[in-house]
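Let's take a walk through this one together, starting with the empty spaces and then moving on to a helix pair and a single histidine. Have the model open as you read.

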Amino acid sequence: MSIPKEWLDFLREQYPEGSRIKLREMGSDDPCPIKPGSMGTLQAIDDLGTFHVAWDDGRGLGLVIGQDSFSVFPPPLQTLKLYMPMTVTYYDEEGDLEQDYTMDPREAAEYAPQIIAALQGERRWLENEGPEEAERGLMAYFDGPDSVDQKVQSCWFTAEVREGQLWGVAECRVRGELSPLELHRLINEAGGQASDGVGESFEQREISVGGGMEIYAHLWQSKGWSIMPEQDRFDPHFSERLPDMCFTVLPEDGALAYIIKGDGLRRSEDSKEQPEINRHLADYYNQERGISEAQVRAMEGGCQHGWDSPAADPRAYQQTQAQSQIGGMTLA
């Protein structure tokens, strides 16, 4: 029996992966049914509407709406913070000329309260655009995989001071766990909003900080900019370990590909026909996540030689740049 796509989309949005399931009674004729009261974790809802459940007792029997009686408890919302460096500029008149200056990062941090208030003003403006914007913020404009759209309930820009420095923050409310590829899609969307969306509009707004002074705050910069999850951004040893995911190009045809730590190499759906564009995309995506060349080479090494091998250690490539390129990779 086929189920309308609209109904499937509704079920998957209401009951994301990771939801807890409590069985009341199985109505199917399974010879060894799950006991009433058993608990499990929802793994997926397939195209037939079957709830595939990993039961706490180790079994994997699915449930069918209309045949089986069960309750679903969606996972609680969690806050995911993506941090990006902010810069603050101001104009100062020198003679007949008006000069544009960039503040020292620690000086810029002194104006965090005014910048946060200005970002809250942007949020109020966005909330007035419509009910979806009011509820979901930047996610109202998300153009990406349905799985990300279903898991990420909202995303808003704010700012924080950490370690004496001003940071822009994309504060996301997430239900369930994002896969590395889903996190990449979310980060790429937030980065686009910081550079060309809400962030572009925000950086043109004057922020009064008293004493007749006005400043401009920038969520994005053209050089050395990255947007990273909190656990990566403030890990002093991040550059010494493997990232969850990185991008590269296939040596045989120059196609864009990605590597997930502990897994293999996969061709990316973003791949273009021109190898030089794919190389640019790989470099851009890695820089966006703050991933170094040494980490990429270590991911390539782990993919080919094993994730416990010396080739999968970024520190080996930090120590010397004279190492030969690891080649001959094949699709996993």
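How do the residues of the lining of the largest cavity divide into nonpolar, polar and charged? Keep in mind that this is a predicted model. The split is six nonpolar, no polar and two charged. To see who they are, look for L119, E122, R123, L126, L138, W156, F157 and V198, which line the largest cavity. By class, E122 and R123 are the charged pair here. The elements giving two or more residues to this lining are α3 (112-127) and β9 (152-162), and α3 gives the most, with four residues. The space inside comes to about 70 Å³.

That cavity isn't alone: the count comes to three cavities of 30 Å³ or more. The second largest has a volume of about 40 Å³, and its lining is made up of H184, M245, C246, F247, Y285, N286, R289 and I291. Here β14 (245-249) and α9 each supply at least two residues, with β14 providing the largest share, three residues. By class, this lining has five nonpolar, two polar and one charged residues.

Two of those lining residues, H184 and Y285, are a handy bridge to the next stop. Both turn up again where helix α6 meets helix α9: on the α6 side you'll find H184, I187, N188 and G191, and on the α9 side Y284, Y285 and E288. Sorted by class, the residues of this contact are three nonpolar, three polar and one charged.

How do the two helices sit relative to each other? Helix α6 (residues 180-196) and helix α9 (residues 275-288) pack at an angle of about 85°, and their axes are 11 Å apart. With roughly perpendicular covering 65 to 115 degrees, that angle makes α6 roughly perpendicular to α9.

Last, swing over to strand β12 (residues 213-218), where you'll find H218. Is H218 buried or exposed? Its relative accessible area is 14%, and the cut-off for buried is under 20%, so H218 counts as buried. As for what surrounds this side of the strand, leave out residues up to four places away in sequence, and H218 touches P85, M86, T87, V88, T89 and E203. Notice the run from P85 to T89 among those partners, with E203 joining from elsewhere in the sequence.

Conventions:
Residues are numbered from 1 along each chain as its sequence is written. This is a predicted model: local features need pLDDT of at least 70, side-chain atom pairs count only at pLDDT 80 or more; totals for chains, interfaces and linings use all residues. Side-chain values use heavy atoms; hydrogens and water are left out. Buried means under 20% relative accessible area, exposed over 50%, partly exposed in between (1.4 Å probe, protein chains only). Contact means heavy atoms within 4.5 Å. Axes are lines fitted to C-alpha atoms, for helices over the stretch in contact, and angles run from 0 to 180 degrees between N-to-C directions. Angles under 35 degrees count as roughly parallel, over 145 as roughly antiparallel, 65 to 115 as roughly perpendicular and the rest as oblique. On a 1 Å grid over the protein atoms alone, a cavity is a set of points where a 1.4 Å probe fits but cannot get out, and a pocket is an open set with protein on both sides within 12 Å along at least five of seven lines; lining residues have an atom within 4 Å of a point. Grid points are joined across faces, edges and corners, and a volume is the space filled by probe spheres set on the points.
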